[in-house]
Amino acid sequence: MGTALLYDEEMTKYKLLWVDPACKIEVPERLIVSYEALVRSGLSDRCISIPAREASDSEILLVHSELYLEAVKKTPYMTLEDLKEFTLQFGDVYFHPNIYHCAKLASGSALQLVDSVMTGKVRNGIALVRPPGHHSMHGAANGFCVFNNVAIAARYAKQKYGVKRVLIVDWDIHHGQGVQYCFEDDPSVLYFSWHRYEHQNFWPNLRESDYDSVGKESGTGFNINVPWNNVGMENSDYLSVFCHVLLPVAYEFCPDLVLVCAGFDSAIGDPEGEMCATPDIFAHLTHLLMNLAGGKLCAVLEGGYNLTSLAQSVCQTVQTLLGDPVPQLANLRGPCKSAIESLQCARSAHRRYWSFLKHAADPPMTDISTKHIKSAMEEEEKTEMAEEERCTEGKVWPEPPERLCPPVCSASVLPDDVVCPDGLKPLSSSKDLEPLLVSKLKTAAVDGDGVTTFSRLYTLVEKLVANEIRNGLVLVPDVAAAMMCVVQDLTSDLVKRVLVVCVGKEKELDYVTTDGKVLVVQISSEDSEEHRSKYYIPVCLKKGCSDTSGFIQAVLGLLLPLGYEYNPDLVLLVRMPGSGVVDSMWQQLIGLLQGFAKGHTLVLMQVNEKACMGSTASALLGHPAPPLQDLQTPFPEDGDALERLRERLQADWKMLQTTS
Ligand SMILES: CC(O)(O)NCCCCNCCCN
Ligand SMILES: [Zn+2]
């Protein structure tokens, strides 16, 4: 299934008709450069073009009042003076004779996108719209927004398709207070937003944008705010919040649909956000959300005012929606102190509502919400000093790397008597091994046809590294022996860093490097205190890998942050026989691991586990993993052990930090 793209140039046909410094950044060119970048890069041709349409009155009334709608209906016939007058009643927004028409098209586009995804016409999609939506409220326009496109889409999805749970992720740099107000008492819609806050000193300067606004009444716990109290946040900060706040809750919530308030003013160069995250971060944020809700994801444009980073960020998002490999993120050095405070506050505010956050630490001593009473002097001094170092428009950043799709997606190396699953390309050619290697294999008690398998295995690895293949599946007689050989051989010159993810445990892994060329994370039911090192991390689950709750918690809170920081060139996923890992979890794991090493994942499985080759192949081919249904509460000892493990490892691995 494909990716929908909604764009209509009609939505470029309104603009600011008078002087207003607050609104001058919201220009038609935002939409033009975004769409043109998609055309120029060839991405628009790969999408399924869906026409925009006007939202009807009843659809707009899902969120807005009749009074407000009737008032906006009058704006096309207003004189310039009337428009100015009408605008005065709202904040940081402007009206134009054609904006009502465009606002209906923007909301209608979001609904078209929901239809396309919910009817299975496409898997996911993006709507390039203006005016944006997430600040507009029941009875008011605000922050360049007229109708709340995403809020309307959420209510529409529930009403028309009976969607039970909608996750709204708002990665725009402003707080979508309109969305928060709409759903704060609604447990069927989980709203997550991060936003520049600076202790309430940044627009819209709302007390209820802070982390302690967790929702109300039956919606308590279903509103998550992560305030950024400093500018200059980077990729590490964004990924840490995804791994340690959003994703654990999102998996526990188990949404049927994911809507994204896709604002790109959170990218480097934006005059509003003044952050430093690079456009390729959106490739990863999108990728991480695509594993939820069976891949049903609708992204709707919100903000984004630096035309260069906006266009790049839109392309990065669309390319991931299309299933292209995500780029490697280099030198993630962990979240900054301010980000850690924010994520610690958000986690502790929600630990009583989400069992996946149950073991979150107490809030930091310096309760950040009381810091807003800053002396004017301090503010003044910070502004002067920070000016030059802030990431403003003057900032330059490298073009995102090209994300080439290998000619072959998934290759397989199977014993001759095993049927190759659909979609996998059997790797026939096997190069002759150096005699030295053959003798090593012999000593590893590998028999004749094992040597053939290994020679094919090495060929596979070479093709992965050469980007001729994206990923591969190998069935071997003895998976532990195979792993040892691959790891020993691989760390020669082919790859610089190999992340080995061991699911289950058959026997002690006696091969551990200390030079960092291999990082082994082993998830199993047994604890192994001995020779744990920075590069060998055993994760013990009380009930073993069959406990999906504990497993996904370990993946999100430990494996993902580690993997991002380690930044491997190859991922070796080893399924030990008898691991007991549940199929949907196995597919989720393969899906999530695609975020590393440009998707170069090599799955090693034992021949007697060939029954799960089908689902492995499906995940390797990029088909969305089935949602993890009815996750139980993780065992307290597991949650506790994970927290302790993170605390012990965070000195070596900065991305594991969750407490200041
Ligand atoms: C969709 C959105 O979230 O990007 N709207 C942002 C509105 C910002 C209003 N304040 C502007 C002040 C100018 N320096
Ligand atoms: Zn914004």
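**Exercise 1. Backbone at Ala597 and Asp630**

In which loop, between which helix and which strand, is the place of Ala597?

Solution. The structure is a predicted model, in which local features need pLDDT of at least 70 and side-chain atom pairs count only at pLDDT 80 or more, while totals for chains, interfaces and linings use all residues. Residues are numbered from 1 along each chain as its sequence is written, chains are lettered from A and ligands numbered from 1 in the order in which they are written, and side-chain values use heavy atoms, with hydrogens and water left out.

Step 1: Ala597 sits in the loop between helix H18 (583-593) and strand S16 (601-606), where helices (H or I, at least four residues) and strands (E, at least two) are DSSP runs numbered from the N terminus.

Step 2: Although Ala597 is not a glycine, its phi is positive, at about 55°, and the residue is buried, with a relative accessible area of 2%. Buried means under 20% relative accessible area, exposed over 50%, and partly exposed in between, using a 1.4 Å probe and protein chains only.

Step 3: Asp630, also not a glycine, has a positive phi of about 20°; its place is in the loop between H19 and helix H20 (636-649), and with a relative accessible area of 61% Asp630 is exposed.

**Exercise 2. Arg130 and the cis peptide bonds**

Identify the polar contacts of the Arg130 side chain, and describe the peptide bond that follows this residue.

Solution. Step 1: Arg130 lies in the loop between strand S3 (122-127) and helix H7 (149-161), and at 0% relative accessibility it counts as buried.

Step 2: The side chains of Arg130 and Glu26 are joined by a polar contact of 2.9 Å, and a polar atom of the Arg130 side chain lies 3.0 Å from the backbone oxygen of Tyr14. A polar contact is a pair of N or O atoms within 3.5 Å; within protein, one must be able to donate a hydrogen and the other to accept it, and residues adjacent in sequence count only if both atoms are side-chain atoms.

Step 3: The peptide bond from Arg130 to Pro131 is cis, with omega near 5°, and Pro131 is placed in the loop between S3 and H7. A cis peptide bond also joins Trp203 and Pro204, with omega about 5°; the place of Pro204 is in the loop between strand S5 (189-196) and strand S6 (223-228).

**Exercise 3. The surroundings of ligand 1**

How many residues surround ligand 1, and which are the closest?

Solution. Step 1: The shell holds 14 residues, of which Asp92, His134, His135, Glu272 and Tyr305 are the closest; a residue is near a molecule if one of its heavy atoms lies within 4 Å of it.

Step 2: By class, five residues of this shell are nonpolar, five polar and four charged. Here Ala, Val, Leu, Ile, Met, Phe, Trp, Tyr, Cys and Pro count as nonpolar, Asp, Glu, Lys and Arg as charged, and the others, Gly among them, as polar.

Step 3: An N or O atom in the side chain of His135 is 2.6 Å from an oxygen atom of ligand 1, while a polar side-chain atom of Asp92 lies 2.8 Å from a nitrogen atom of the ligand. A polar backbone atom of Gly143 is 3.1 Å from a nitrogen atom of ligand 1. Taken alone, ligand 1 exposes 430 Å², and the protein buries 86% of that, with areas from the Shrake-Rupley method with a 1.4 Å probe; for residues, only the protein chains shown count as cover.

**Exercise 4. Cysteines without a partner**

Why does Cys298 form no disulfide with Cys261?

Solution. Step 1: A disulfide is a pair of cysteine sulfur atoms within 2.5 Å, and by this rule the count comes to zero.

Step 2: The sulfur of Cys298 is too far for a bond, because the closest cysteine sulfur, in Cys261, is 12 Å away; Cys298 is buried, with a relative accessible area of 1%.

Step 3: For Cys409 the closest cysteine sulfur is in Cys405, at 7.7 Å, which is likewise too far for a bond, and Cys409 is partly exposed, with a relative accessible area of 26%.
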